[in-house]
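Biologist: I am new to this structure. Please pick out one part and take me through it closely.

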Amino acid sequence: WNLEGPENYALQYADGVQTYITESVSHIYLHINTNICPHRGISLGRCAEDLFKGIQSSDSGVRCDSLKELASVSTDVTFAQEFISRDGHLLLVKIVEDSNDNVIMTHTLTGFMELMDHGIVSWENLSSVFIKKIASFVNAKPTDASIQQVSLDILESMVLSSHSLFLQVKQEVTMERLIAHLQVTNQQIQTKAMALLMALLQTAGDSDRQMFAFLNKKNLRQYIYKNIIHSSGSVQDEMAHYLYVLQSVTLNHLEPRMRTPLDCYSQEQRDILHSLRQAAFETESENSLSHERRRSLCAKEFKKLGFSNNSNPGQDLVRTPPGLLALDTMFYFASRYPDAYSRFVLENSSREDKHECPFARSSIQLTLILCEILRIGEPPSETGSDYHPIFFSQDRLMEELFCVCIQLLNKTWKEMRATQEDFDKVMQVVREQITRTLSSKPTSLELFKNKVNALNYSEILKLRQTERLHQEETLAPPVLELKERLKPELLELIRQQRLNRLCQGTMFRKISSRRRQDKLWYCRLSPNHKMLHYGDVEEDTDNPPIETLQEKIPVADIKGLLTGKDCPHMKENKGKQNKEVLDLAFSITYDVEEYSLNFIAPSRTDFCLWTDGLSVLLGREMSSESMRSELEILLSMEIKLRLLDLENVPIPDSAPVVPKPPSNYNFCYDFSQTEQ
């Protein structure tokens, strides 16, 4: 403030007070503006009164404008309370019942839905005339999409609100029209129709089987597969949820069979078990056999079939889950694909007992795995959207998946060379194969079959290794850079170890042209790494002193290192040496490559140690598989130790941005002067 004169001071003070009052009023307005209608700038109560009168106006233009404004303002809960307190919702019901104007009807239904969404009044008080009118909009052939869309929305809310309204809606709405709505190109209509359909199915309870039978008869699944999953547009989140619900509700029809154990006194179930046995084995006429002979034959064949309790195979199916569902899947496979079934059983019957894949035991466990993957018996989640497109391509998904996966199981069993003790490991791999394939969302059974068979055991191992490395963050760019910086130090450590091993020496056998292996010789490197000492030794000699080895070769005279078939002693006996000897042979040349010292290593490990050590002496890079393995182990250990303090701390792929340097560095405090 300028205090040069009292007049200026007073004016500035007055301006300050005015600014303060203006800001205070603005704050007060912000606190109360939630009760102000954004369209009219008046209180919501006054707005509700005006619109209540406007929709009753004799002027059609005023009435239409009022209903249009009502549709947008009704989203405010305070306005909804004010409007409903004047029985405005009943007035809208009356307009719906009496009017036939599409424009007015659209705004009226939208406003009504917005008001009812707040849950202030119950849906129970709606008249049957109103429900029939709304249902008529849904049942009518496509005319005004906006009216049908909001009508489907209203009917869904009715169905979910009470059982009595569900019964009325179910009676009024034609299922054929709902299915027809799924075939239109309008995604909003499709979504609202699916929402109403799912509400009807979930609310139906025990009577839903009849509804499902009707929908199956009308090819609901095929319409969804063609018009929604394979439509030009992508499936939206809301539609994905309803597809997931339909999938869950349908698959849960298998739950009673999954929860029911086999009844050993049921003749029908015993007949199915025996039909499995008879389909697998061509047996002689059982009627001509004695009771004991027939019983012994049945027990033997049930054992080949993979039942653990071959005298009473029904005991294997008492456990629930999977209960009778496992019997259903086995019988479906045997009857639907008899050749594949017979091939599975007979192939494993011809193997050794410990290597055979038990069909019955595998089928029971596989059925349980499929139940868990498909979440049979679990009620649909309110937010779930993980549906399988393949479900809509098959009438009997569970059984068809089983038929593909039981053959996959046999294939994986052979790839793993599994025995009976490996049963659980094989089932874990099969579960992973199925889960990974389903997560790729195959759209047909044939595509699923191709993908799951391509995902063999070796691929699973590669994926597991890659994921483990990602979890350990060993593939992160900063970690890879750290590895490269650590490599020289660790390679030097391996070089020193190789030279130390050469200094200790190794005993070698001489192989003559007569294949006699009774002569031994020893070779070692001098402690100063200048000389190779070697000489013949006796059988019982252990680590002879370097002075006892008569022959020596200066390291400086060594010209080259040869391995395998390039060695002179391998060329002399060309065609007579087996692969094992070739893999262990190496030679060093010296004195302008006129002479050579030939070796046959006692083992592959010694071969790697000596070739690496000689390469180091010659100034070359080590190249053996042992070196690569040891380097990887050392790198892994060193990385883990260095990253120990960063456990549970995510490592970014790229380094953080370094800020630009300051324009000047004149910000240092000078301590040289004594403070006063």
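**The largest cavity**

Modeller: The structure holds 1 cavity of 30 Å³ or more (on a 1 Å grid over the protein atoms alone, a set of points where a 1.4 Å probe fits but cannot get out). This is a predicted model, in which local features need pLDDT of at least 70, side-chain atom pairs count only at pLDDT 80 or more, and totals for chains, interfaces and linings use all residues. Residues are numbered from 1 along each chain as its sequence is written, and side-chain values use heavy atoms, leaving out hydrogens and water. The chain has a mean pLDDT (confidence per residue, 0 to 100) of 85, with 87% of its residues at 70 or more.

About 70 Å³ of space (filled by probe spheres set on the points) lies in the largest cavity. Its lining (residues with an atom within 4 Å of a point) includes Gln187, Gln190 and Thr191. Further along the chain, Ile228, Ser231, Gly233, Ser234, Val235, Gln236 and Met239 also line the largest cavity. Helix α11 (a DSSP run of H or I, at least four residues) spans residues 187-204 and gives the largest share of this lining, 3 residues. By class, the cavity lining has 3 nonpolar residues (Ala, Val, Leu, Ile, Met, Phe, Trp, Tyr, Cys, Pro), 7 polar and no charged ones (Asp, Glu, Lys, Arg; the others, Gly among them, are polar).

Notes: pLDDT is the predictor's confidence in each residue, from 0 to 100. On a 1 Å grid over the protein atoms alone, a cavity is a set of points where a 1.4 Å probe fits but cannot get out, and a pocket is an open set with protein on both sides within 12 Å along at least five of seven lines; lining residues have an atom within 4 Å of a point. Helices (H or I, at least four residues) and strands (E, at least two) are DSSP runs, numbered from the N terminus.
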